[in-house]
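Here are some notes for a colleague at the bench, set out as numbered points to be read beside the structure.

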Amino acid sequence: MGSERKPRPWCVALVFVVMLSCVQRISAQIKYSIPEEVKVGSVVGNVAKDLGLDVHSLEERGFRIVSGTKDALFEVNQNNGVLYVHMIIDRETVCESISPCMMNLKLVAENPMEIHYVGVEIIDVNDHSPSFYEEEKIFEIAETTPPGKRFQLPTARDPDMGINAVRVYKLNSNEHFSLQIRERGDEKVPLLVLQKSLDREKNSEHKLVLTALD
């Protein structure tokens, strides 16, 4: 007497099924990928079709993107369910050095309410050239410096990522210096190596050109 009744097993099971149903409805997710700098209007994918929605009812249900777009990078066409590029996307502006560059979109349809999450990865293209912060670097080297001495050169910066970043450095041909590259993580560091002893009386200045290629 007075003790609380334990819920019947079928009641617990019913609640559990309803919770699962809600989670599945909210967590549906699709991922697409597009290169940066594609033209406005370029198709990302037919998001309505991929989500299994009735294309003919999209406008009536107010199918739209409600969050996740920075400056409305993407829009969805309510007539056919196509997700398309709304403005030119520069990967380096949107994600800077973050990789992968993923735009997470939240889409809703009403009556009944459905929430879907879609990810769009922005793929880097080689649209930037390497550049040096310093246009000129001066080393004062004593003529008694032994061959083999190394001097670190300025590194070039390239906003592009991965295979589109700086790949190689080149040094103009000369008899006194060579170039050596040191790997530091994903970065390549150029080193100037003295190959032949210097003679100030013969040549008091050596002008070298370092080139970075991506």
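1. The torsion about the S-S bond of C95 and C101 is about 75°, so the disulfide is right-handed. This is a value computed from a predicted model, in which the sulfur atoms of C95 and C101 lie 2.0 Å apart, and the count for the structure comes to 1 disulfide. As a reminder, a disulfide is a covalent bond between the sulfur atoms of two cysteines.

2. Are the two cysteines of this bond, C95 and C101, buried or exposed? C95 has a relative accessibility of 6% and therefore counts as buried, since the limit for that class is under 20% relative accessible area. C101 is likewise buried, with a relative accessible area of 1%.

3. Turning to D199, this residue sits in the loop that runs between β13 (187-194) and β14 (210-213), and with a relative accessible area of 29% D199 is partly exposed, because that class lies between the 20% limit for buried and the 50% limit for exposed. Although D199 and E143 are 56 residues apart in sequence, their C-alpha atoms are 5.8 Å apart in space.

4. The largest pocket deserves a separate look, with a computed volume of about 900 Å³. It is lined by 27 residues, of which K137, I138, F139, H206 and L208 are the closest to its centre. Sorted by class, the lining of the largest pocket comprises 14 nonpolar and 10 charged residues, together with 3 polar ones.

Definitions and conventions
Residues numbered from 1 in each chain as written. Predicted model: local features only at pLDDT ≥ 70, side-chain atom pairs only at ≥ 80, totals over all residues. Heavy atoms only, no water. 1 Å grid on protein atoms, 1.4 Å probe; cavity = no way out; pocket = protein on both sides within 12 Å on 5 of 7 lines; lining within 4 Å. Points joined across faces, edges and corners; volume = space filled by probe spheres on them. Nonpolar A, V, L, I, M, F, W, Y, C, P; charged D, E, K, R; others polar. Helix = DSSP H or I, 4+ residues; strand = E, 2+ residues; numbered from the N terminus. Buried < 20%, exposed > 50% of the residue type's maximum accessible area, 1.4 Å probe, protein only. Disulfide = S-S within 2.5 Å.
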